[in-house]
Amino acid sequence: MPCTCSHLYSNSDAKDLQKRNVLFQLHGLSASERPFLLVIDVLLDEVPIDHSLSSSIVAMVICGGCLPTKELLTDFMSLLGLSTPSSETRQKNALTAVAAFAGRLSGALSDWLATDALLAFVHSRLARLCPAAVSEAGLRPYREPSDPGQRAERLQVALAAALLLQTFMH
């Protein structure tokens with residue numbers, strides 16, 4: 001009796017196959033710098049902050065992509081827009097992406113990522129967790145957001161900032 005094998009593939013198998021195809025397409029895009037930068041830009045906004053694997057997703061894409069050149073890193077750092085306001089999701093994913101690049105690079109190129117603007121941004125994300133934040137006018141009281149979800153998002157961003165500092169210490 002011939003086997004048609006159609007009963008062997010369930011709906012979840014088809015979804016798994018589709019996910020693998022997407023990962024292969026993503027890996028193909030990451031082989032050249034310009035599309036890779038576009039993929040990272042989308043990831044910064046679209047990977048949810050509250051997903052348990054969000055940091056792993058960002059790091060996996062960066063580690064699976066092309067080895068970055070100094071030009072790509074320059075474009076990436078300008079893409080982050082650290083001086084412009086952005087969502088907590090973008091901030092956390094941006095810090096995770098910088099940490100993934102820094103962990104992938106070695107020596108002077110990794111140190112080159114630790115710009116004054118990036119370190120000031122990291123400091124400001126960590127300072128939001130302190131009871132008092134230092135401003136130009138002196139000490140001002142820290143105001144905790146009343147929304148528990150916003151507190152959790154700020155904590156996620158601060159933890160990503162701390163992990164970035166740890167990556168630079170290696």
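The paragraphs below go through the fold, the packing of its helices and a patch on its surface.

This is a predicted model, in which local features need pLDDT of at least 70 and side-chain atom pairs count only at pLDDT 80 or more, while totals for chains, interfaces and linings use all residues. Residues are numbered from 1 along each chain as its sequence is written, and side-chain values use heavy atoms, with hydrogens and water left out.

The chain holds eight helices and two strands, taken as DSSP runs numbered from the N terminus (helices H or I, at least four residues; strands E, at least two), and their order along the sequence is α-α-α-α-α-α-α-β-β-α. Of its 170 residues, 34% are buried, a term for under 20% relative accessible area with a 1.4 Å probe and protein chains only.

Helix H4 (residues 70-80) packs against helix H5 (residues 88-104) at about 160 degrees, with axes 11 Å apart. H4 is therefore roughly antiparallel to H5, the word for angles over 145 degrees. The axes of H5 and helix H7 (residues 116-127) come within 12 Å and cross at roughly 130 degrees, so H5 and H7 are oblique to each other, a class left for angles that are not under 35, over 145 or 65 to 115 degrees.

On the surface, Leu129, Leu155 and Leu159 form a nonpolar patch with about 260 Å² of accessible area together; such patches join nonpolar side chains (Val, Leu, Ile, Met, Phe, Trp, Tyr) within 5 Å, from residues with over 30% relative accessible area and no salt bridge. Leu159 lies in helix H8 (residues 148-169), and its relative accessible area is 46%.

Notes. Patches are made of residues with over 30% relative accessible area and no salt bridge: like charges are joined within 9 Å, nonpolar side chains (Val, Leu, Ile, Met, Phe, Trp, Tyr) within 5 Å. Accessible areas come from the Shrake-Rupley method with a 1.4 Å probe; for residues, only the protein chains shown count as cover. A salt bridge is a side-chain nitrogen of Lys or Arg within 4 Å of a carboxyl oxygen of Asp or Glu. Buried means under 20% relative accessible area, exposed over 50%, partly exposed in between (1.4 Å probe, protein chains only). Axes are lines fitted to C-alpha atoms, for helices over the stretch in contact, and angles run from 0 to 180 degrees between N-to-C directions.
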